[in-house]
Amino acid sequence: MIDTFCARFGSADGMRVFRAPGRVNLIGEHTDYNLGFVLPVALNLATYVATAPAADGRLRIYSEDRREMREWSSSEISGLARARHWTDYPIGVAQQLIAAGFAIEPANLLIRSTVPEGSGLSSSAALEVSSALAFLNRRRLPPLDLARLCQRAEVHFVGMPCGIMDQYISIFGREHTAVEIDCRSLEHRDVELPAGITFLAVNTMVKHALAGSAYRERVAECAAAVEGIKPRFPLVKSLRDVTPEQFESVADLLPGVIARRARHVVTETARVGQFVEASGGGDLKRMGALMVESHRSLQQDYEVSCAELDFLVDRALGIEGILGARMTGGGFGGCTVTMLRPDAVPRFRQEIATAYEGKFGVTPAIYPCEPSAGAGEVLPA
Ligand code: ADP
Ligand code: MG
């Protein structure tokens, strides 16, 4: 990055590099914006942002992955409007930092990422968090404030009404553990995973066009479900507050589609606790079964899966040594996450790739999900 930075900006004097990881969510999908529980793992895949002061009053941002640069006078950042461009992520973060009282200093930024874009492993939050750290450039902001600030950038500037999970895990990720996040209290606890299992993410290599609009639609449907449940249970403020038993007692009062959406969220929130419990007891079979239940719920009730994701899950379950599989991330493409015995990894890689190529004519990328540290400065160490 030092060489690339020099070649692009002339000098790397005073250059620092900040890193923020992507994530894979083991279970608890589409529960974060309903203020429920999630269980993600920060990955080894990460976005790196190199930054050094610019003497000419400009802010320049170059993405190596996009091979594209944009620049502004640092004084115009606060007034920029959404451009429907990848720079909306760092600019949205910059505006939130300004609103929080942090001036955006003139600088050159170089972005390099190993998180695949638009694949459900959260390259967007990795970009937001790494950019925020680069803009802050060692000025301090409490980690939870940082997570919320980056989420606000995505909701209000990019225009995606996302929950807190992706930004939170990118900051609070830890080596060797998954992290159970309570998306209402914003507290978390580290969840040590049992020995004798490993996780792989498999990329469908597709992202269907309706991913964004369907996401917004689901957020609205969940809000409609809350309104429909309130007359019977007035204390309910989000689907997080509804137990599976309460839900079944009111399900008939809701329009069919809304009831199915809510059933997913309510059962999925419960599954996170069940998965953590099974993990604590070393019950690998139960963990795997819960992942498959989660997938079926996303496929049939929440309707955010697609043929490619379903194929990867169904095919994985037919391979020896596979304990469970499900789609991960928002859906309509992106990745599955598969839980398997370590000795099954080579066989799984080979069989799943061959099957997917045979069916869809594309080679799926496969990523090991090694729980990794959350965001921070990596250079100078
Ligand atoms: P996900 O977060 O699952 O990867 P999103 O659709 O939420 O998918 O975010 C992907 C978007 O984030 C990309 O379309 C692009 O605008 C932006 N992005 C992510 N990583 C980079 C990068 N390295 N360079 C430029 N833009 C990026
Ligand atoms: Mg994203």
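Which helix gives the most to the lining of the largest pocket? I began my notebook with that one, and I kept in mind throughout that this is a predicted model.

**Entry 1: the pocket**

I looked up the lining and found my answer: H6 gives the most, with four residues. H6 spans 211-229, and it is one of several elements that each supply at least two residues of the lining. The other helices on that list are H2 (88-99), H3, H4 (143-158) and H5 (165-172). Strands appear there as well, namely E6 and E11 (333-340).

Next I checked the volume, and about 1,200 Å³ of space lies in this largest pocket. I counted 49 lining residues, and those nearest the centre are Tyr89, Gly118, Ser124, Glu154 and Lys207. Sorted by class, the lining has 21 polar, 15 nonpolar and 13 charged residues.

**Entry 2: the ligand**

Where does ligand 1 sit? I found ligand 1 in the largest pocket, the one from my previous entry. Its shell holds 18 residues, and the closest of them are Ser63, Asp65, Gly118, Ser123 and Lys207. Two of these names were already in my notes: Gly118 and Lys207 also lie among the lining residues nearest the pocket centre.

I then split the shell by class and got eight polar, six nonpolar and four charged residues. For the shell, H3 (123-136) and E6 (107-113) each supply at least two residues. H3 gives the most here, with three residues.

**Entry 3: polar contacts of the ligand**

I went through the atom pairs next. The side chain of Ser63 has an N or O atom 2.8 Å from a nitrogen atom of ligand 1. Gly118 uses its backbone instead: a polar atom there is 2.8 Å from an oxygen atom of the ligand. For Gly120, a backbone N or O atom lies 3.0 Å from an oxygen atom of ligand 1. I also checked how well the ligand is covered: on its own it has 570 Å² of accessible area, and the protein covers 85% of that.

**Entry 4: backbone oddities**

Which residue has a positive phi although it is not a glycine? I found Ser122, with a phi of about 65 degrees. Ser122 is in the loop between E6 and H3, and both of those elements supply residues to the ligand shell.

My last lookup was the peptide bond between Leu379 and Pro380, which is cis, with omega at about -10 degrees. Pro380 falls in the segment after strand E13 (376-379). I noted both items because most residues other than glycine have a negative phi, and most peptide bonds are trans.

Technical notes. Residues numbered from 1 in each chain as written. Chains lettered and ligands numbered in written order. Predicted model: local features only at pLDDT ≥ 70, side-chain atom pairs only at ≥ 80, totals over all residues. Heavy atoms only, no water. Near = heavy atom within 4 Å. Polar contact = N/O pair within 3.5 Å; in protein donor to acceptor, adjacent residues only side chain to side chain. Areas by Shrake-Rupley, 256 points an atom, 1.4 Å probe, with all protein chains shown as cover. 1 Å grid on protein atoms, 1.4 Å probe; cavity = no way out; pocket = protein on both sides within 12 Å on 5 of 7 lines; lining within 4 Å. Sits in = over half its atoms within 2 Å of the grid points. Nonpolar A, V, L, I, M, F, W, Y, C, P; charged D, E, K, R; others polar. Points joined across faces, edges and corners; volume = space filled by probe spheres on them.
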